[in-house]
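Dear colleague,

I am passing on the structure we spoke about, with the sequence alongside it. Please have it open while you read, since the notes below go through it region by region.

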Amino acid sequence: MTDTVTVSDRPAQPVRQLLAASVGNAVEWYDWYAYTFLATYIAAQVFPADADDSLVPLLSTFAVFAVGFFMRPVGGLLMGAVADRHGRRAALTVTILLMGGSSLLVGLTPGYASAGLLAPVVLVVARLLQGLSVGGEFAASTTFLVESAGPGRRGLFSSFQYVSTTIGQLAASGVAALLVSSLSAGQMEGWGWRVPFVLGAVLSLVGFWIRQGAHETRSEEQRRAPKPRLFDALRHHPRQSLLICGITAGGTLAYYSWTSYLPTYAELNVGMDKADALLVGTVSLAVFALLQPVGGMLSDRFGRKPLLLFFGLGFALLSVALLRSLTGSVLSLLLVQLAGMVLLTGFTSISAAVNAEVFPARVRAAGIGFPYSLTVALFGGTAPYMGTLFKDLGHPGLFPWYVSVLCLISSVVYLRLPETAHQELDR
């Protein structure tokens with residue numbers, strides 16, 4: 001890979017920069033969530049329940065619950081290093097192609113009936129690549145978005161990280177719902193579940209084309225400086241790495257609890273109808289996407305710390321009350337989920353800006369990518385399992401306290417953070 005950047009000498013176009021990061025990020029998350037929504041169909045074809053080979057269910061569990069999330073820190077480190085060594089645009093190009101290739105691989109995965117053990121092996125490889133890509137995408141796109149922003153607009157640009165993530169999630173949900181409602185059960189199990197992944201591969205090519213016209217955000221001075229080594233961020237900036245973990249821990253747990261797990265939590269604990277819970281979740285996500293730019297603009301005017309503390313202390317004080325107030329009604333779940341979305345915006349709308357402002361430009365992408373993705377894997381990816389575990393142990397009421405305590409810990413970190421909203425970003 002070369003360090004040549006063919007478009008770096010012309011002025012950056014803010015709309016093109018936002019589009020390059022956002023479209024690619026939406027496609028990345030569309031592919032990621034499509035797997036989640038269609039996991040039952042995939043399992044039926046690739047991991048048959050009656051298989052005699054004990055490796056099959058083991059591979060199934062590993063692929064669905066572990067591989068994707070725990071490859072994300074590796075992706076954050078490797079793709080972050082690419083971004084720091086060869087440019088943000090180069091890393092964004094690699095991640096979108098990786099996701100497109102892995103999505104196509106999922107869509108073309110053979111069934112166990114025709115390929116035997118090769119089928120789950122192919123799927124595991126595809127999921128490895130997806131995790132690598134998603135981890136790298138956050139590192140590169142976070143850095144790219146914030147460095148693309150003009151003076152006083154880093155929070156606004158940062159907010160599009162979760163706008164595009166939510167759009168990708170809604171698109172995956174919509175495509176899956178459309179296929180399930182349009183095709184018979186036999187068609188879905190036979191070939192219908194493959195369609196979203198082939199579509200994801202095509203969309204990745206569109207994202208690749210848009211990103212080719214993006215402006216490289218690394219400064220000329222950084223391009224000429226000695227290239228950082230893989231672990232330079234961890235070696236030379238251990239405090240900043242720990243700060244990213246502390247900033248992220250409460251936020252990622254609250255995010256996955258409210259955007260992904262809450263419908264299931266309502267089903268398990270108050271007998272909420274599954275279809276109603278999913279409908280409420282979809283409406284709440286749409287509102288959540290609209291809130292992000294508002295949070296970003298508020299942070300540009302009033303600072304990052306007020307929003308972070310609004311989120312952290314809000315969840316620390318209200319998580320237990322909100323989850324205990326759930327009943328079996330649609331209105332109850334909608335109000336609880338929307339209240340959480342408003343609080344959560346204090347974190348999600350500016351997390352990219354906060355993270356980017358912690359590290360110097362030379363190691364910014366790798367410095368963000370590894371600790372962030374590791375924290376997401378440890379606390380965000382495990383949120384549904386912790387909630388289910390507490391339920392299985394007969395103590396479902398402990399889960400809200402778990403969320404509350406972790407958000408309180410992150411709030412302590414927020415209190416100690418310097419205010420960086422109005423400082424010039426190191427380039």
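A search of the whole structure, which is a predicted model, finds nine salt bridges. I will begin with the ones I followed up, and then turn to how some of the helices pack.

The pair I would look at first is Arg211 and Glu137, which form a salt bridge whose closest N and O atoms are 2.6 Å apart. This pair links distant parts of the chain, with Arg211 in helix α9 and Glu137 in helix α6 (residues 118-148), 74 residues apart. Are these two residues buried or exposed? Arg211 has a relative accessibility of 1% and therefore counts as buried, the limit for that class being under 20%, and Glu137, also with a relative accessible area of 1%, is buried as well.

Asp232 takes part in two of the salt bridges, one with Arg235 and one with Arg362. In the pair with Arg235 the side chains meet at 2.8 Å, N to O, and both residues lie in helix α11 (residues 232-236), three residues apart, or about one turn of the helix. The pair with Arg362, in which the closest N and O atoms are 3.5 Å apart, links distant parts of the chain, since Arg362 lies in the loop between α16 (351-358) and α17 (364-380) while Asp232 is in helix α11, 130 residues away in sequence. Asp232 itself counts as buried, at 3% relative accessibility, whereas Arg235 is partly exposed with a relative accessible area of 47%, and Arg362, at 29%, likewise counts as partly exposed. Elsewhere, Asp84, Arg88, Glu147 and Arg364 are linked in a network of salt bridges.

Turning to the helix packing, helix α1 (residues 14-37) is a useful place to start, and I describe its contacts with α9 and with α6 in turn. The axes of α1 and helix α9 (residues 195-212) come within 9 Å and cross at roughly 165 degrees. Because angles over 145 degrees count as roughly antiparallel, α1 and α9 are described in that way, and α1 passes α9 in a left-handed crossing. The residues that make this contact include Leu19, Val23, Val27 and Tyr30 of α1, together with Phe197, Leu203, Trp209 and Arg211 of α9. By class, the residues of the contact of α1 with α9 divide into 14 nonpolar, five polar and three charged.

Against α6, helix α1 packs at an angle of about 155 degrees, with the two axes 10 Å apart, and these two helices are therefore also roughly antiparallel to each other. Here too α1 passes its partner in a left-handed crossing. Among the residues that meet are Leu18, Glu28, Trp29 and Trp32 in α1, and Leu123, Arg127, Glu137 and Phe144 in α6. The contact of α1 with α6 divides into 10 nonpolar, eight polar and four charged residues. The two residues of the buried salt bridge described above turn up again in these contacts, Arg211 on the α9 side of the contact with α1 and Glu137 on the α6 side.

Further along the chain, helix α14 (residues 304-324) and α15 pack at an angle of about 155 degrees, with their axes 7 Å apart, which makes α14 roughly antiparallel to α15. This crossing is left-handed, and the residues that meet include Phe310, Phe311, Phe315 and Leu318 in α14 and Val336, Leu343, Leu344 and Phe347 in α15. By class, the contact of α14 with α15 has 13 nonpolar, three polar and no charged residues.

Two single residues complete these notes. Gln337 has its place in helix α15 (residues 330-348) and is buried, with a relative accessible area of 0%. Which residues surround Gln337, leaving aside its neighbours within four places in sequence? Gln337 is in contact with Trp258, Thr259, Leu262, Pro263, Val280, Gly281 and Ser284. Leu205, by contrast, lies in helix α9 and counts as exposed at 55% relative accessibility. Measuring from C-alpha to C-alpha in the model, Leu205 and Gly87 are 20 Å apart in space, and they are 118 residues apart in sequence.

With best wishes

Definitions and conventions:
Residues numbered from 1 in each chain as written. Predicted model: local features only at pLDDT ≥ 70, side-chain atom pairs only at ≥ 80, totals over all residues. Heavy atoms only, no water. Axes fitted to C-alpha atoms, helices over the stretch in contact; angles between N-to-C directions. Helix = DSSP H or I, 4+ residues; strand = E, 2+ residues; numbered from the N terminus. Parallel < 35°, antiparallel > 145°, perpendicular 65-115°, else oblique. Left-handed = near helix turned anticlockwise from the far one by under 90°. Contact = heavy atoms within 4.5 Å. Nonpolar A, V, L, I, M, F, W, Y, C, P; charged D, E, K, R; others polar. Buried < 20%, exposed > 50% of the residue type's maximum accessible area, 1.4 Å probe, protein only. Salt bridge = Lys/Arg side-chain N within 4 Å of Asp/Glu carboxyl O.
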